[in-house]
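Let's go through this model by question and answer. Have a look at the sequence and structure first.

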Amino acid sequence: MVIYFSRAGQNKQHGAAQFINVGNTALVADKLATQLGCPAVALQAIPAYAAEDYAATLQRTKAELAQAAAVQLAPLTVDLTAQTQLLLGFPIWWRTLPQVVVTFLQQVDLAGKQLYPFCTHEGSGFGRSLDALQKLAPQAQLLPGLAVRGSNAYKADQALTNWLQSLQLK
């Protein structure tokens with residue numbers, strides 16, 4: 001199963017704020033779910049991040065990170081209990097996991113699950129997110145991940161195929 005957080009609207013791409021209809025991580029998550037023939041489930045923050053104002057989103061996310069704030073999440077529409085393999089996708093915000101993902105990881109039991117991280121970024125790769133994942137999900141098996149430059153998400157199909165094949169998931 002693919003679980004991900006993404007944000008559409010005004011985003012930073014190629015060094016400038018641009019409007020995108022589908023968030024970069026959502027684009028990658030949907031491609032992965034299609035290749036694997038599995039569901040993709042989005043994590044939804046309540047309230048949602050401002051789609052039309054990148055500066056407001058930056059301000060909110062910086063404050064959430066500084067305060068290690070829990071973010072209210074909409075209830076998941078799936079039961080993760082029977083899932084043994086989770087592909088977890090997220091954008092890199094402030095060189096780490098968004099607090100939305102941190103909150104999710106604090107709320108679910110990932111003991112014994114295989115966790116395959118993937119992220120979108122604009123130059124930082126995984127940043128510090130893999131260390132954060134290890135700390136937040138110590139009972140999960142953290143497997144090799146894939147970092148995709150967000151502005152290249154729309155053309156990442158071959159990289160995704162190669163990653164899945166390297167993990168023997170496809």
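Q: What is the N to O distance where the side chains of R60 and E64 meet in a salt bridge?
A: R60 and E64 pair up through their side chains; a salt bridge here is a side-chain nitrogen of Lys or Arg within 4 Å of a carboxyl oxygen of Asp or Glu. Bear in mind that this is a predicted model, where local features need pLDDT of at least 70 and side-chain atom pairs count only at pLDDT 80 or more, while totals for chains, interfaces and linings use all residues. Residues are numbered from 1 along each chain as its sequence is written, and side-chain values use heavy atoms, leaving out hydrogens and water. For this pair, the N to O distance is 2.9 Å.

Q: Why are R60 and E64 separated by about one helical turn?
A: Both sit in helix α2 (residues 54–66); helices (H or I, at least four residues) and strands (E, at least two) are DSSP runs, numbered from the N terminus. R60 and E64 are about one turn apart because their spacing within α2 is 4 residues.

Q: Which of the two, R60 or E64, is buried?
A: Buried means under 20% relative accessible area, exposed over 50%, and partly exposed in between (1.4 Å probe, protein chains only). R60 comes out at 22%, so it is partly exposed. At 9%, the buried one is E64.

Q: How many residues apart are K31 and D157?
A: The side chains of K31 and D157 form a salt bridge at 2.9 Å, N to O. This one links distant parts of the chain, with K31 in helix α1 (residues 24–36) and D157 in helix α5 (residues 157–166). K31 is buried at 18%, whereas D157 is partly exposed at 35%. Along the chain, their separation is 126 residues.

Q: Where does R149, the salt-bridge partner of E122, lie?
A: E122 and R149 meet at 3.9 Å, N to O. E122 is in the loop between β6 (114–121) and α4 (129–136), so the salt bridge ties together parts 27 residues apart in sequence. Both are partly exposed, E122 at 28% and R149 at 35%. R149 itself is in strand β8 (residues 146–149).

Q: Which residue in β8 is the bridge partner of T120?
A: Strands count as paired if DSSP finds at least two bridges between them. β6 and β8 run parallel, joined by 4 bridges. β6 also pairs in parallel with strand β7 (residues 141–142) over 2 bridges, where L115 is matched with L142. Over in β8, the partner of T120 is V148.

Q: Which helix joins β5 and β6 in a right-handed β-α-β unit?
A: Strand β5 (residues 85–91) pairs with β6 in the parallel sense over 7 bridges, and L88 stands opposite P117. A crossover is right-handed if, with the strands pointing away from the viewer, the path from the first strand over the helix to the second runs clockwise. In this unit the helix, spanning residues 99–107, is α3.

Q: How many of the 8 residues in β6 are buried?
A: This strand pairs with β5 over 7 bridges and with β8 over 4. β6 is mostly covered, and its buried count is 7.

Q: What is the relative accessible area of P91?
A: P91 is found in strand β5. It touches F5, T25, T96, P98 and T120, leaving aside residues up to four places away in sequence (contact means heavy atoms within 4.5 Å). P91 counts as buried, with a relative accessible area of 10%.
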